[in-house]
Every structure is written in C-alpha cells, then in structure tokens.
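Visitor: I'd like to learn how to read the way two chains sit together. Could you walk me through it?

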Protein chains: 2
Amino acid sequence: MPAEGLFGQIKRFVVGEPIPSHLAHHERLSRFTGLAVLSSDPLSSVAYATEEILRVLILVNISALSLASPIAFIIATILAIVVFSYRQTIYAYPSGGGAYIVARENLGEMASLVAASALLIDYILTVAVSIAAGVAAMTSAFPQWIPQRVGLALSFMVVLMLGNLRGIRESGRIFAAPTYFFIVSLLVLIAVGVWRALTGTVQPVPPVDPMTSIGQPLTLFLVLRAFSNGCTAMTGVEAVSNGVPAFRPPEARNAAATMSIMAVLAITMFVGITMLSQIYRIIPSEHETVVSQLARGVFGGRDLPYYLVQAATMLILVLAANTAYADFPRLASILARDRYLPRQFMNQGDRLAFSNGILGLSAFAALLLVIFGGDTHALIPLYMIGVFLSFTLSQAGMVVHWRRFRGPGWRTSTVISGAGALVTGIVLLVVAVTKAHEGAWIIMLLIPIQVAFFRMTKQHYNAVASQLTLTDWHPEERHHNTVIVPISGVQRAVVQALEYARTLSTDVRAVYIDVDPVATEQIRSDWDKWGRGVPLVVLASPYRSLMEPLLEYIERLDAQRSDDYVTVVLPEFVPAKWWHHLFHNQRALLIKGALLFKPHTIVTSVPFHLAH
Amino acid sequence: MPAEGLFGQIKRFVVGEPIPSHLAHHERLSRFTGLAVLSSDPLSSVAYATEEILRVLILVNISALSLASPIAFIIATILAIVVFSYRQTIYAYPSGGGAYIVARENLGEMASLVAASALLIDYILTVAVSIAAGVAAMTSAFPQWIPQRVGLALSFMVVLMLGNLRGIRESGRIFAAPTYFFIVSLLVLIAVGVWRALTGTVQPVPPVDPMTSIGQPLTLFLVLRAFSNGCTAMTGVEAVSNGVPAFRPPEARNAAATMSIMAVLAITMFVGITMLSQIYRIIPSEHETVVSQLARGVFGGRDLPYYLVQAATMLILVLAANTAYADFPRLASILARDRYLPRQFMNQGDRLAFSNGILGLSAFAALLLVIFGGDTHALIPLYMIGVFLSFTLSQAGMVVHWRRFRGPGWRTSTVISGAGALVTGIVLLVVAVTKAHEGAWIIMLLIPIQVAFFRMTKQHYNAVASQLTLTDWHPEERHHNTVIVPISGVQRAVVQALEYARTLSTDVRAVYIDVDPVATEQIRSDWDKWGRGVPLVVLASPYRSLMEPLLEYIERLDAQRSDDYVTVVLPEFVPAKWWHHLFHNQRALLIKGALLFKPHTIVTSVPFHLAH
C-alpha cells in the first residue's frame, strides 16, 4: 500500500510533481517574464478604464463624452507620478516593499494592518474585475454567450487557480505569450486607428444598443465620478514593487526597469484608446465593450484582426488576475508569519506556492463574481478604495522613511514620495465621496472588521505562546499508565485492541457495560478464552446508558492515583468504502468528545481494517 | 468538571431525566390509554376520509355526491373484515404482529422486506397527512392562517417529536385527553345532527368557495377513485396489533378489546359524518373542511360548539401522528436487530425511546410537508399504497400461518384471514390503478429501492461478522511498540506529549523535519535540556514537505521489525473556544488520515488544553 493517500494522489495529479528547494532560484523572473506576470494587471485595465469614464459622461449627453480625453490625461499624469514614486520603493525595499511592509516599518502597526486589509481586498477584486472584464471582451465578440457569463467567469478562475497551485515559473511561461500578444495587438490597433484618422478614412462605428443619456446636469460631482472610474487604469501598478524578490538578480534593477516599461505601455494604450474612442465616436453599450467597438471601427468590421484584438483582450484580462494570484498568497504568508493571520497561510506547499492563500483568494473572488453576476461595472466601485488606500499609505510611509534615514538625495526622494502620497490621497478622497453609495461602503465597513480580526489573531497566538513557554515550567511527573479497553463483545477487533493495549502498560482492564444479563454471562465465558489475562470489569447500567457508567468509572480511576495517565483504547472500524461509515456506531467519536476536556486522559483508536 | 458534556446537558434539558430500566414495565398502556395512543390514527382519519370521497364525486356534479353513502358503507364493511382479521393476529403474535414479522415468518425474506418498506413509508405519511389535516381543521376555523400552514405543520411536528423523545408513558398521559375530547365531540356532533334531521330542523350549510363540477362523466374509474380516497378511513387500524407488548398484561386481551372499541367508533363516526354531509348538502371547498362545514351546519354557525369540534379535530389529527411515532422507531429497531437497517436504529436512548428512529421519521415527514406545501389532498395518493400493501401481506401471511400450524379452529381462521387478504388485495389493486398518476408512482419506485438497501445492509453486516469471527483465528504476536513523537518545536505541548510517550514504551524517538538549518540547530540545542534522554531523529526534506519524510520514516521503521506496532504520538491543541480551531494547523488530522489505512500503526493525540 502506498504511503500516500487518495488525497495525496489527487493533489499530485492536479498540481504536478514537487520541486526540490535547491531548484527554487531557477524559478525567478527575468524582465521579460516579469513584465508578463506582474504587469498584466495595470496593462489590462486599459481594456475597461476608458469605458468606465464614458459610462458616466453619457449620463449627461453625447457631447459630454469629449471630456474623456482631458480626464485621461490627468490620470496618465497621476500614474506617472505614482510609478516614479514606486521606483524609489523598489530600491529602498529590495526584499519586497508592499504597502504592508512599508507602512509597518514607518507608520506603525495600525496603519500597516489597514494597508494589509486594503491590499487583500484589492487582490480579491483584481481577480473578480479582471475575469468579469475578460468575459465581457468575449461576449462582445459572441453576444450569444452573455447568459453564461457567470459560468464562463468561474471556469476561467478555476483554470487560473490550478495553474497557480502548480507553481510560479510555469506561471511565467504560460503568461508571457498572451501578455505580449495583447501589447502587440493593442499597439497595432492604436497605430492603424491613428493612421486612418490621419488619412481621413475614419467611419463612425455603428453603435449596438447604445446607452442613452438621462439628461443629468454636468456637475463637478459627475466629472469627479467619471475621473474616479477612470482611475481603474492605475490598478495594479504596485505589483512589480511587491514582487521584487521574484526577479532574477540584480532584483531591484530588473524590477525598476520592468516598472518603467510597464508605465510607458500603460499610458500609451490608455490615452490612445480614450482619444480614438472619441475620433471613432463610440457610445458605451450594455452589450459590447468600448474596445470591441473601437476594433470594429478601426478594422472595418468583425474580421480576423477584430477577433485577434478581442482574444488578446480576453486573455490578458483573465491572466491579469494572476497578478493577484502571485501577491495575495505572498502577503497572506507575511501576515501569518507576523501572526496576524492563521498560520495555515504560512505553509509553503510542495511547489513553493502558497496553496491556502490561492484557495482563499479563489473562494472570495468566486463569491463576488456570483453576487454581482459577473458584471464589471458593478464591481468597479468596490475596487478603488482598497487600491488607493494602499497607494496612499505606502507612499506616506516612504515619506517617513526618507526623513528618518536621510540617505543621499533624501530631500528629492521625500518630495517625490510626498507628491505620490498627496495625489493618491486626493484620489482616495474623491473615490470615497463619489463611490460610497455605489458599493464602496461595503469595503469601508470590511476594512475595520478585517483589522480587528488581524489583531484578535495576534492576541490569540500571543496567549498560546505564553501558555507554551518552557521558562519556569516543569512537567508533571507521571509514570503510570492505566489503560482501559471498553468492549461491546468479544471479536477480532476487540482482541486486537486488547493486544495493542497490553504493549502500553502492565495495568490494562477491559470494561463492559451490563445492559442485558444474558449477554453479560456470554461475555464472561468468552473472556476466559480470549481475555489473555486482562481483568474484565463489568459495570452496571441502571439507566441502560452505555456512556455514563464508563465516564464514571474513568472518574473513579482518575481519583485513585495522582501519578498516572488514563488511556482509553478503542477498536475502530475502518470501512473499505467511505459510505460504510453509515453502518457503524460513532461510539468512539462520542467517547473522544466526552473525554476531550479531561486532563491526563488520552483516547487511542486501534484501526481494524474491513476488507469489504 | 462534569463528566457530561454540553450535548448531554442539552439532551437532558430537552428530553428529561433518564428512567432506570426496572421501571420500564410501569410505562405499559391500559385499554384506556392504549386507545388514546394507538387509535388516534384510525379515528382521526374520519376527519378527512369523507371529504376525499366528495372531492372526486363533485367533479361529475352535485347530485353525484349522493354516491358517497354507499361507498362509505362498502368501506365500513371492509374495515370490519380487516379488524376482525387483525384481532386474530393479536392472539397469534402476542409479542407484536406487525406486517413485517408476520410476513417474515410465513412468506419469506423478500415479502417481509416489502412489508417493512411499505410500513416505514406508511408511518412517515401518517405523520405528514395527519398534521396537514390537523392544520386544515385549524385554518378552516381561522382562514387568515392559511398562508402559514407549512410553518404551523412543522411546529406541531416538532412538539410531537420532543414529546416522543421524552418517552412513551408521558405520551399516554398527554394524548388521552385530546382523543377522548375528539370522540365525545364527534359523537355529540353526530347525535345533534341526526336529532335535527329527525325533527326536520336542518338548514343547508351556506358553502364557502365551493369546488365546482368540471362535468366529468360518471365512469366506473371515477367511482373507484372516490372509493380509493375513502379508504383513507382505514389507515392505521393495524397500529394496535403492532403495539401488543406495550399493553398491560394480559397484553393480547387488552389489545384485542382496544381494537374492537376502535373499530366500532371509527365506523360510527365515518358513516355518520358521510351521511350527515349529504343531509346538510355539503359541497367540498378549498378553504374549509367538510367536518368544519358540517359543524357549522349542525350547531348553526361559528359558536362555542363549532370551535370545540374544530379544536378536537385539530388536536386528534396532530396527535394521530403519534401512532407513527410509536411504531416507526419500534419497526426500525426490529429491522436493525435483523441487520436490515444500520445499527444506530437499535439504540435505546436513556428514556426507552428510540431516538434515531424518532428523528429519522420527523426528518422525512418534514420533507414531505415542505414539498407538498402541507396539502392533505396532495399527500393522500402517496399514502394508500403502503397502507394496503402491508395489510395484504400481513393477512396473506396469516393464511399461511393458520395452514401451517393447524391449531384449533384453523379453518375458520384461514377463511377470515383469507377474506381480509382478498379484500385488501383488491383495494391495493384499485388504489394502484387509480392513484399511480397522482403520485403513487413515487412510492412504487421507492419500495424496491428501500428493499435493495435493506439487503445491501444485511450483506455488509454479514461480511463484517465473517471478518470478526474468532473461529480459527489467532492474534498476531506483537510485543514491541516503537513510539515516535513528531515535533515542530520545543514547547510545553511537545514536552507533555513526550512525557506521555515515555510511559508507552522504552523505544521512543522524537522526529523533526529539517526545512531550515537555523531552526534545526535551535531544536538540537533545546533538546539537550528538554529531550529527557529521548533520541532526536532529524529528517531531511529536500522538497520542503513536512509529511512525506515522516511517512517514509514510518515506512522504514515498519520494515525493520515484524513484531512491533508503530505508535505516533502527537500533541494536539484543545482550544478554549471552538472557533480557535481556525488558528491551529490541522496537521494531526492530516497525519491520522495518511496513516489510517496502514496496518499496525496507531496514531494517538495527547490533548493540550489551552486556557484561553
């Protein structure tokens, strides 16, 4: 019989062979694979950021859509400031400078827990939003699949989850192709679109189910709502700075270079798409994404180039969720190491992936996808709070960092980080005010709850540690072991349990509960042959209860001597088929439950394996 | 700390103090209480039997309702034959002659299992139908409660369930008053109704939402459908013959007398109500029962006498379900004793009630009430197959019985039982043909499935017994016990587990998995102080897995000697609050699972109790 159980075999089949730890550094990321793995999130958000701006502006009227371009330029500027600021973080925290670590070292425990909470929520929403938007790209090309969008979203998520359970390097390999396919597709789309605009061959795109204006007045609040929505273009820009140690050496240099390339690409694509969407007079629709409409317009209909753009968008979005699959388990593991999360998250699985974190992330994202029906637009308001809260705390932390250490150029660094903290803080305020009623309130409620849970967890582990310390402690001297074997009859399983019990102690007693004098007499006579010299204790049970006389007997035994353990040895059937458990009494479980809180009392099951 | 856990305390609070078994015979039934406990089912069915006939006849037209009286007389005649036949069974099987036992002894295993299946289904439907009809009596008086009927039905069922979990004698006490209240109320209703008919003071009852004819032709099939429905009046007449040993001595005489009284009352009430319903020109309604309409008519409106009749009807019906609560657990226990049902049903609880049977019955009945929306009429077609299948098998079995034993008067007895078998067999055929499409097919499908389950259960227990037999078997001689204590660090829980392990064997080894050289060095140095002379085995883990090196080590140990057990001793945290389990690794559980199927390997947890 293999030492590995059924569960182990299934796990091996699903997540692959384990990798020895001396191979671990081979799994590091190059700039090329790093861009694919860590930048798919910020790059992919251009697939929906423009649309989220247009969906607010259309509430006024069609001509208000022209405000999208100036809004996009402002967002691009902020993005550049934030990336510039994060590049500094990479060098200051080469071992990985996530908002949690930066906040913990510079702003104190409370701020760090808020940042951690914001980040965990951010990662979950990255998965949910990216997958929902990826499915929207797909259903734009094939509208007949719209009714299946939740099912499609969940399927993609399961594929991602399994891929990540298999380990990080294969992730790099899997994700490089789609990311570069997307970058090339979008740059071609923009180039062709611009070329057609320059040559005057633009045809307005015939809209499909266009959203109609509800004649809302053009207020500052509305413009700020559109701006908030557009800031989704910035989600995920911090991923590279969290993943510095995953890069090949020199880690910081490679990470910083990757971040710059990512920023240039993200800005080009976001501004390009936003401007082209106005040139091609695109009106947002409930059934087709803006990028899909633009591709139709630029390539003159639903032909091969159009389908390539949709496929690339779909793939990058579904894979963008992978950024979170890299970061969520890593942060959860750090939090668990710091005792703010249950230690199960600290486990590194056989493939160096953090299985529990991956599973937890998947479960929460699946919940969101189901609750919000796989709708990107419904999820966006929940997304932004966490993102900008962590941006702000991270960069505020960096300001403190520079002022504390005062290394070379600390004044410049302080100004850059300060600018980053200021703009992201302002965006956070704008988002909080304009999005609270659309669902962001859920997140504002969730963050304090999570922080309370982190602190409670830490308190618990501290309490446990103080109970486990060996300082000033001496174990009780117990040398005797009184072993009792409760029996319900004389058969093989009982005799085997008895044999085992006899190896544990010289003081073994079989205990039988008398509920029927005839059966008891039978047991007594069988005992002469099979009892192997072990004394048989028969307990009366006036109430026909099987448990109470046994528990009382153990109580009496325990009172007799103070230097002993009481060990209860039970035969336990192990059925050949799991549903055969139905046919066997759960008495062993009841006895264990009843004795669980009794000190110096140990319950042992001796398995008896049924062949069929 | 009390030996009794939280569960035990709750159980004691809900089901009361246990009764010692020498008091058991005090709980026997007199004729008076026996009639109350065992006859409430057949008596109460008069509350809906007439209505079920009228509901079919009204499909033709109002004048077809006059067919109800002849149908009722035929049913009364059959009822008399069946009761006469069952009185013989009582004397032939004084220890309880249910259809299962009679069929098993006379018709063989297969017939007995069909009978058992039919009876179990019958009991479940008795609970569902009686409670649904009881609620209908209530909502007839208070139509505003109609929307709550499922909730009301479930509430009554819970009350019954708890009452029965408390034990049988209190059942007798609780149920006597309502049964006699019902008998008196109905007899007064009939007497007053007849008296007004004789004095010519009858006023036709103004109908409430009367059902209207759909002009169906008056076919033989329709008359047979009406007849089938009316046969619900006979449900439960066998309960007394199943419950003979529950009576006071002389058990058979008391039971037979009780059965005769029951039959006279049932026939009087059923025929009386059916005839009066025609004299008072009652038309069945969706919102008011026939008995309610009759009571309004006889007592001239909704006054005190009317409400008393409704209250009595409601009470007797809800309590009729108690017949099944007495019989279902008893039959399940007999089946479990014969190894056709899992042995959990054989357990007698502290209060001599068969708790698992009571809980199982309640669960199935609740399911039916919810699925069929607490509607009596929807449940009736499912009810009849089981009832008449068990009647037929029971009496066919008695025919074989008389012919085998040929005691005094066996010819007469054969004729009586044969007549019973014949008429109930014909009714069974009529019910099967006329009710199959209304839901009886569910039962026809369920019975073979149940029978297959019974046989599979028996096969399993026989297979287990053959693996447990001591004949020609000798236990393996194993005298050595190799004890290993896997440790993840050096702290109190580990040291305590080690202390315990040292009492089990002289061959104890602590095992540590090396995943981090620094931590390993720390463990080694701590071990000098706390290891108490136990050797520390450090296992390399190239794949960082904690489980595989341990399992491989156990494999190697096991291969070293053939005369030993391997005992794995694990410290296990017992948190002070159940949800603190969240904070602790389930590693002990994983190790147990991995070793469950390994022979001669025993896993023992040493509880370490966390104070907070």
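Guide: Let's start at the axis, keeping in mind that this is a predicted model. Of the residues of chain B, B:Leu504 comes closest to the rotation axis, with its C-alpha at 2.3 Å.

Visitor: What turn and shift lay chain B on chain A?

Guide: The general idea first: two copies of a chain are related by a rotation about an axis and a shift along it. Here, a turn of 179° and a shift of 0.2 Å along the axis lay chain B on chain A, with an RMSD of 0.4 Å. That is the relation of a two-fold axis. The same surface serves both copies, as 100% of the contact residues of chain B recur in chain A.

Visitor: And how much area do chain B and chain A bury between them?

Guide: People often give the size of an interface as the accessible area lost when the parts come together. For chain B and chain A, that's about 7500 Å², with 59% of it on carbon and sulfur atoms. B:Gln467, B:Arg492 and B:Phe583 supply 10% of the area that chain B buries against chain A, more than any other three residues. As for contacts, 81 residues of chain B touch 81 residues of chain A.

Visitor: How many salt bridges are there across the interface?

Guide: The rule finds 2. One of them joins the side chains of B:Glu477 and A:Arg532, at 3.5 Å from N to O. There are also 18 residue pairs in polar contact between chain B and chain A.

Visitor: Which element gives the largest share of chain B's side?

Guide: That's α18(B), with 10 residues. By residue type, the side of chain B that touches chain A divides into 42 nonpolar, 26 polar and 13 charged.

Terms used: Residues are numbered from 1 along each chain as its sequence is written. Chains are lettered from A and ligands numbered from 1 in the order in which they are written. This is a predicted model: local features need pLDDT of at least 70, side-chain atom pairs count only at pLDDT 80 or more; totals for chains, interfaces and linings use all residues. Side-chain values use heavy atoms; hydrogens and water are left out. Contact means heavy atoms within 4.5 Å. Buried area is the accessible area (1.4 Å probe) that two parts lose on being put together, summed over both. A salt bridge is a side-chain nitrogen of Lys or Arg within 4 Å of a carboxyl oxygen of Asp or Glu. A polar contact is a pair of N or O atoms within 3.5 Å; within protein, one must be able to donate a hydrogen and the other to accept it, and residues adjacent in sequence count only if both atoms are side-chain atoms. Helices (H or I, at least four residues) and strands (E, at least two) are DSSP runs, numbered from the N terminus. Ala, Val, Leu, Ile, Met, Phe, Trp, Tyr, Cys and Pro count as nonpolar, Asp, Glu, Lys and Arg as charged, and the others, Gly among them, as polar. Copies are superposed by least squares on the C-alpha atoms of residues with pLDDT of at least 70 in both.
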